[in-house]
Each structure stands twice: as structure tokens, then as C-alpha cells.
Amino acid sequence: MMVNCCGLLTANKEPVPLKSVGVELEVRDHVATVVSTLNYENKEDKPLEAVFVFPLPGDAAVCHFSATIGQTQIVAEVKEKQEAREEYDDALSSGQQAFLLEESEQSPDIFSLSVGSLPPGESASIRLEYVTELAVQADDGLRFCLPAVLNPRYQPQGSGGSEGASVQVTSVPASLVPYSLSFSARVSSPRPVSKVESNCSLDPLQYLNPEQTQATVKLAAGHKFDRDVELLIYYKDAHQPTAVVEAGQASAKPGTLMGDPVVMLSLYPEFPQAVMSSVASCGEFVFLLDRSGSMDCPMDRSKRRETRIGSARDTLLLLLKSLPMGCYFNIYSFGSSFQHIFPKSVEYSQKTMEEALKTVEEMGADLGGTEILNPLKHIYSQPCIPNQPRQLFVFTDGEVGNTKEVISLVKKNSGSHRCFSFGIGEGASSALINGLAKEGGGHAQFITGTDRMQPKVMQSLRFALQPAVVDISVTWDLPKGVSVTVLSPPITALFQGQRSLIYAQLTGESSKAAEGCVTVKYSLAGHPSQNQLHFSLKPAEDTGLTVHRLAARTLIRSLEMEERERRGEQDKGVKKKVVEVSVQSGVSSVFTAFIAVNKGDGEAVQGPLVRRNVPTPRLMMMACSMQRMLCFDPDSLNAALSTSRAAAEPACKSKLKSGGSTAGLFSNLRKKLGALKNPHQMPPEPQDLLSSCNEDCTEPKQTPRDPLLQLVSLQKASGCWVLDPALAAALGKTRKKVEKRKPSSVNQEVWATILALIWLHGFKVDAQDEWQLLAMKAVSWLRAQNASCVTECVEAGNVLLGCNVKKDVLGL
């Protein structure tokens with residue numbers, strides 16, 4: 001019954017046609033080339049059209065698409081999208097086999113692949129290749145993610161999209177995905193590979209040379225493609241700037257992007273420790289929290305202990321305790337509508353902090369859909385506060401349908417703020433999360449599986465509090481006869497731990513000099529600085545045009561953004577330029593598609609086509625039971641939901657969080673179902689919805705609050721702690737014992753604050769990333785008190801708590 005309701009079987013009870021997925025990854029330094037092979041088989045007795053909707057990294061450049069049927073290989077061409085669609089339809093109507101690959105018009109990280117006119121008993125192998133940059137994590141690791149999970153994207157009411165742009169996702173529980181995955185990776189770099197880690201089981205890393213600059217790794221046997229596959233790659237000496245020059249395509253005309261050499265410059269600066277250890281005491285901090293229904297999903301699917309919204313609440317507690325006195329802040333939350341704690345940003349104080357924390361504790365995943373555009377517009381409409389730089393922190397699981405519109409809005413307001421983004425859970429849209437940070441001059445982080453959200457968010461807060469790098473300029477010094485055309489947008493922000501890539505086209509030749517130089521100048525905390533890099537103009541060994549394709553992708557994305565900003569004007573020159581660059585480079589864009597037609601021996605495929613939507617894995621527990629609704633029109637769907645809600649509400653009500661509501665839950669179900677329509681399903685039974693609802697909204701049993709968060713929750717906005725029974729309990733002592741050990745000449749708040757610092761260093765040093773900023777605030781408060789017997793307090797505190805923490809370790 002469960003298999004039937006998930007749509008995994010055809011009407012003839014035959015499996016869906018996608019049989020297996022094979023992925024080969026090649027990483028060269030910080031750039032990856034990914035080759036995916038999708039194997040199909042039509043076991044039905046009718047010709048088949050299969051439609052497979054799948055995610056790719058948001059900044060990927062798809063550069064090759066081919067199909068093999070029997071012994072015949074057909075390599076696809078890039079054509080203008082409408083022309084490609086018409087060619088595909090013409091081929092199918094004349095009985096020919098055809099394949100169409102196109103990018104979603106709402107989000108660049110969703111693609112749909114149509115496999116047309118597969119005869120009965122026939123197999124097809126689809127080869128898809130893309131290149132992508134690897135993002136740097138806070139610990140210097142390079143992150144590669146192979147998305148397995150495509151969450152339904154919520155399309156806000158009233159946001160259109162041209163015909164054919166929206167994609168329908170047939171989703172199933174991940175454990176029932178009918179196809180397997182094989183995955184292997186080869187890593188090479190000028191620097192030694194120190195280690196490779198993953199969220200999935202790996203076979204041991206195999207080095208290919210004594211210098212350890214080349215290595216291979218693959219997934220351990222038995223892996224099910226039921227989660228994103230994440231690799232973290234670590235190199236030694238990661239902060240050295242590099243430049244790679246790649247030769248142009250021999251068949252391309254000199255003077256064109258593909259015919260000229262292209263240089264890729266990598267900047268990954270390391271700033272002086274003295275500057276980075278200082279933090280600003282000003283700023284307007286705006287936190288924007290996703291409260292859509294999907295935020296009630298667990299952080300880690302193997303443990304139902306903590307939900308995404310619960311982790312976000314704990315993270316906001318740490319953030320609010322870590323803010324400096326004198327700054328301003330506000331907290332927004334959104335779903336189908338949005339809310340804010342204060343009408344406008346307020347000065348940070350004990351009173352405003354307590355008011356905000358009280359509201360945060362009551363926040364549930366109860367606001368329905370995922371409409372992020374309106375709260376962003378409201379935030380940007382608020383006037384900036386003089387001498388308080390605006391820093392926006394966005395927390396979302398990324399189930400947004402109007403990604404490009406959101407990113408355009410952030411870019412439009414990039415001059416007035418920095419945006420730090422956090423993708424929570426499996427399937428968060430990389431296009432949205434990376435796009436927000438890139439266009440907002442900030443930093444993106446992804447929190448998946450067993451990751452704790454808090455250390456990653458606090459890393460970004462440290463970035464936000466560090467001095468801004470300003471007056472950035474890039475100057476090229478090239479020999480006579482060689483000119484440069486920079487293809488990347490100007491760099492607006494540089495952070496410690498953040499890499500920037502610059503692509504540039506080199507035109508012409510030099511008769512003598514074979515070296516170029518690039519100089520990057522910037523100012524940090526009032527101190528001018530510069531990095532200079534000399535590089536050979538002689539192209540590197542054949543890199544398969546990887547750098548050219550990434551450069552083309554960078555140029556295409558910039559032009560697409562420009563076209564979106566100018567939409568409504570008559571000038572179609574930008575769109576024409578995108579199509580030209582896309583066709584010339586063979587790299588996908590929103591205005592083009594890959595089309596392959598097998599004209600074969602001219603024999604037409606006989607019989608009417610049967611369309612099959614190949615399921616995409618979902619980690620949402622309700623997907624199976626709820627999909628039975630999807631054949632209904634909206635009125636029938638609402639009627640079914642109303643009936644089911646009446647049956648399910650009593651059981652659900654007791655299981656929703658405080659602050660939650662069954663209305664919010666069912667609003668969210670309607671949102672989810674709207675993204676999952678499938679014409680082959682049966683209507684729901686109320687008891688099925690009841691079972692599904694009970695399963696999904698069951699809350700984990702109340703567990704004692706994490707001791708670290710318990711202690712942090714007691715800190716005052718100024719940075720100090722108060723000596724009371726709650727603090728004693730958090731330290732694991734009675735108030736009587738705590739007061740008895742206090743040196744007589746010390747006031748209670750100084751004693752309490754020193755005890756809290758000793759406890760943090762003594763028992764939670766492994767979580768220092770989470771509490772470092774609030775500890776710095778506590779130390780600043782202590783210094784301002786001019787307490788005379790700090791040494792005596794530290795010694796007495798160590799005895800009381802059973803620790804051995806030195807005074808200088810505390811920063812005192």
C-alpha cells in the first residue's frame with residue numbers, strides 16, 4: 001500500500017525507469033568537475049517519456065549533455081530555450097527519440113530532464129557534466145555537496161513565471177528511492193591534501209604520489225542515495241594566492257571568450273591576528289528567521305531530538321547574549337506572513353534583550369509558507385542608523401520558489417548592508433543561500449545532518465563584528481600587446497576565511513615577456529595593505545576548459561541579473577548576449593536548453609507516449625500519506641483537508657509546540673501539497689492524514705536544557721552574571737556553597753562572572769566557538785569594575801568547581 005501511494009509503480013506495477021546514478025568527481029585545487037551518468041530502462045509495453053527533476057549546486061555550470069541508446073551516442077547542443085522545446089516536441093510527435101535538459105526559471109539550482117520516446121524494452125544512458133567552485137568553510141575546508149534532496153519550493157502567491165518554468169516534483173520517502181548511487185572522487189592540488197571527510201561512510205583515502213598532492217576516495221559500499229553527499233577537502237598552506245591560466249579552445253575564434261586564454265585568480269587572505277581579535281562595538285543586527293512548517297523537521301533524520309526551529313531558537317539566544325553594548329538590533333520571522341519583535345531596530349540593553357528572548361522562546365514553525373521577499377522589502381525600507389552598519393542574518397531551510405527575485409532584491413540593497421545566510425537541513429537551496437551572501441557581501445554557511453548550528457553562526461557573527469575591508473581595487477600589469485577583460489563582478493567584501501575568485505580574459509600576445517602580475521589593494525581598520533601575485537602567461541596543462549566554463553558561468557549569471565533588473569524595458573540586448581555566451585561556451589543559462597534528437601535510421605517509435613515523473617528523494621515524513629491528495633483540484637483539496645483536519649486536530653493539538661497551531665500546520669500542508677501534484681494518485685482518507693500528522697508533529701519528549709545554554713541564558717546584556725540560585729544550579733552547586741567560597745572583599749557580580757568564565761573554560765572548552773564572544777564581553781565588564789582581588793577569586797573558583805583554569809587563560 002505504501003509503495004502504491006508514493007507513485008513508485010506504474011499502472012502495470014512496473015518500476016519507474018531511472019535505474020541507477022553514477023557520479024565521478026574530479027577536484028583540481030578549489031574547482032570541481034562532476035560527471036553524472038543516469039541509466040534508464042523502459043520495462044513497460046508502451047513508449048515512455050520520463051521526466052526527472054533534480055537539484056544541482058546553485059553556481060554549477062552545466063557544460064555537457066549526451067545520451068547513449070544501444071550503440072548510438074547523441075551529443076546535445078545548446079540552443080535558445082523556446083527553439084529547443086519546439087525541436088523536442090517535433091521529434092516526439094514524429095516518433096523520434098529526444099532529450100531535453102533545462103534550468104528552472106525560478107531557481108538556478110533546479111533542472112528538469114525529459115527523456116522522450118523510449119521504446120518498450122529499450123535502455124538509455126544519460127551523461128551530464130558540470131563544473132563548480134568549491135566554497136570555503138570556517139575551518140578552511142573546501143565543501144563539495146552532491147544534492148540528493150530536492151525539497152518542494154514554495155511559490156508565493158502572485159509570483160508568476162513563464163509557461164513551462166515551474167517544475168513539478170514527485171517526492172517520496174528517501175528510504176524508498178528506487179535507484180542506486182555510485183560515487184568516486186579524485187583530488188589534485190599544488191598543495192598536499194591533508195584529509196577528506198564526509199557525512200557518508202567513505203573508503204580510506206588513497207594517495208597517488210609521495211608528495212600527497214593527488215588522492216582518490218569513494219563512497220563505501222551499500223550507500224543509499226537518501227541524503228546529500230557532502231565532502232570536505234583540506235589542503236596544507238591553504239591561504240597562498242594562486243593564478244591559473246587556461247588556453248583557449250583551438251576551434252574557437254581568437255578574440256572571443258572561448259578562443260582567448262582565461263586566467264582564474266584565487267584570493268584567500270589571512271589578516272593580522274591583532275586586527276582580527278578586535279571586535280566592533282557598534283552595528284545594527286537584523287535577524288530574519290524562517291518559521292515555515294518545514295522548520296519543524298528534525299535537524300538530524302536519525303535522531304528526532306532537535307528540530308530546525310528549536311536549534312534556531314537556541315542560536316538566537318547565543319547571538320543575543322553575544323551582541324555588544326551600544327549596538328542596535330531587531331528580530332523578524334516569516335512564513336506566509338511576517339512578524340517583527342520591535343517596530344524598528346532598538347538599542348541593545350538588558351530590557352530589550354529580555355523582551356526579545358521572551359518572544360524567541362515562544363516561536364514555533366507555525367507561519368505556513370516560505371515568503372521571504374516581503375520581510376526583506378520591509379527591512380530595506382527602514383532607514384539605516386548613522387554609524388551603525390547594518391548586518392542581516394537570514395536563517396532558512398531554503399524551500400523558496402522565487403530565488404532569483406529574492407537575490408535581485410538583496411543585490412539592489414547591497415550598498416546599505418551585509419547579508420549572512422544559513423541553509424538549515426538537507427535540501428536547502430544552495431542557489432538561495434550562496435546567492436544571498438554573495439550579493440550581500442557576506443558569508444554563507446550550511447548546517448546539515450549532525451552539525452550544530454551555533455558554532456557556524458557565531459563564526460559569521462565574528463565576521464560581522466570584525467573591521468570591514470574597504471577600498472578594494474584590483475590592478476593588472478601585463479606585457480605590451482596583451483590586454484585584460486575582467487569577467488567577474490567587482491569584489492565588495494573580503495573576510496578572514498573567505499576566498500574570492502576573479503576570472504579575466506586575456507587577449508593578444510606578447511613577443512617577449514611571459515609573465516603577468518596582479519595587485520590587490522585594500523584598507524583594513526585604517527591600515528592600507530596589498531597582495532601581489534606574479535603568474536606565468538603560459539597556459540597550464542589541458543584542464544578541459546574548466547576555467548573557461550566557470551568564467552562563462554560567471555558572466556552569464558551577471559548578465560541574467562542585469563536582465564532581471566531591466567525587465568519590462570524594451571532593450572533585449574542583454575538576453576541576446578546571454579544566449580550568445582551560452583551557445584558559444586556550451587554552458588547552460590535560464591534562456592537556453594540542451595537538446596539532443598536521435599534521428600537514427602528513420603524508424604518512428606510506435607504507440608502513444610506514456611509520461612512518467614521520476615521521484616526525487618524527500619526527507620519529509622508526511623510525503624507518502626499526503627501524496628494521495630494530489631489529483632484534486634484546489635476546491636476538492638481544501639475540502640479533503642478540512643475533513644481530515646477535523647479528524648486529526650484533537651490528536652495533533654497536544655503534540656504541537658507552545659506557540660504552534662493546527663491552523664499553521666494545515667496551512668503548511670496545503671503549501672507542501674501544492675508543490676507535489678501527481679495526477680495518478682487517489683484521494684486521501686481522513687485516517688491516513690491522521691496517521692501521517694501524528695507521525696510528523698510528534699514532539700520529542702522534553703529533555704533538560706543543555707547546561708551551556710542554561711548558563712548562557714543567565715548572562716546579563718552588560719556581560720556579567722548575578723549570584724543567585726539559578727546560577728548556582730547551572731554550575732552544579734548550591735547557592736550556600738557558592739556564597740561560602742566567595743572572597744569577602746569581592747562583590748557578588750564579580751564573583752559570579754568569574755565563576756561562569758571558569759566553568760566555560762573548564763567544562764566547555766570544546767564549544768569555545770559558541771561562547772567566545774560573550775566571554776569576551778564578560779571580561780570587558782570585569783576590567784571595567786577594577787576589581788582588586790581577581791587572582792584570589794580565580795583560585796577560589798577553581799577550588800569550588802574542581803578546575804585548574806589559569807587567570808591569563810580567562811583573559812584577565
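A residue counts as buried when its relative accessible area is under 20%, and as exposed when that area is over 50%. The exercises below apply this to a predicted model.

**Exercise 1.** Determine how many disulfides the structure holds, and explain why cysteine 793 is not bonded to cysteine 789.

*Solution.* Begin with the search of the whole structure, which finds zero disulfides. Next, take the sulfur of cysteine 793, whose closest cysteine sulfur, that of cysteine 789, lies 4.7 Å away. Because a disulfide requires the two sulfur atoms to be within 2.5 Å, this separation is too far for a bond. Finally, consider accessibility: cysteine 793 is buried at 1% relative accessibility, and cysteine 419 is buried as well, with a relative accessible area of 0%.

**Exercise 2.** Work out which strands stand at the edges of the open four-stranded sheet that contains β19 and β31.

*Solution.* First write down the strand order, β18-β19-β31-β30, in which the pairing is antiparallel. The edges are then taken by β18 (242-246) and β30 (482-486), each of which has a single partner strand, so that one side of each is left without a neighbour in the sheet. Neighbouring strands here are turned against each other by 25° on average, direction ignored. As for β19 (residues 262-267) and β31 (residues 500-508), six bridges join them, and methionine 264 stands opposite tyrosine 503 in β31.

**Exercise 3.** Describe the surroundings of serine 582, and decide whether serine 582 is buried or exposed.

*Solution.* Locate serine 582 in helix α11, which spans residues 573-585. Its relative accessible area is 0%, so serine 582 is buried. Leaving aside residues up to four places away in sequence, serine 582 touches Val78, Ile556, Val587, Ser588, Ser589 and Thr592.

Terms used: Residues are numbered from 1 along each chain as its sequence is written. This is a predicted model: local features need pLDDT of at least 70, side-chain atom pairs count only at pLDDT 80 or more; totals for chains, interfaces and linings use all residues. Side-chain values use heavy atoms; hydrogens and water are left out. Helices (H or I, at least four residues) and strands (E, at least two) are DSSP runs, numbered from the N terminus. Buried means under 20% relative accessible area, exposed over 50%, partly exposed in between (1.4 Å probe, protein chains only). Contact means heavy atoms within 4.5 Å. Two strands pair if DSSP finds at least two bridges between them. Axes are lines fitted to C-alpha atoms, for helices over the stretch in contact, and angles run from 0 to 180 degrees between N-to-C directions.
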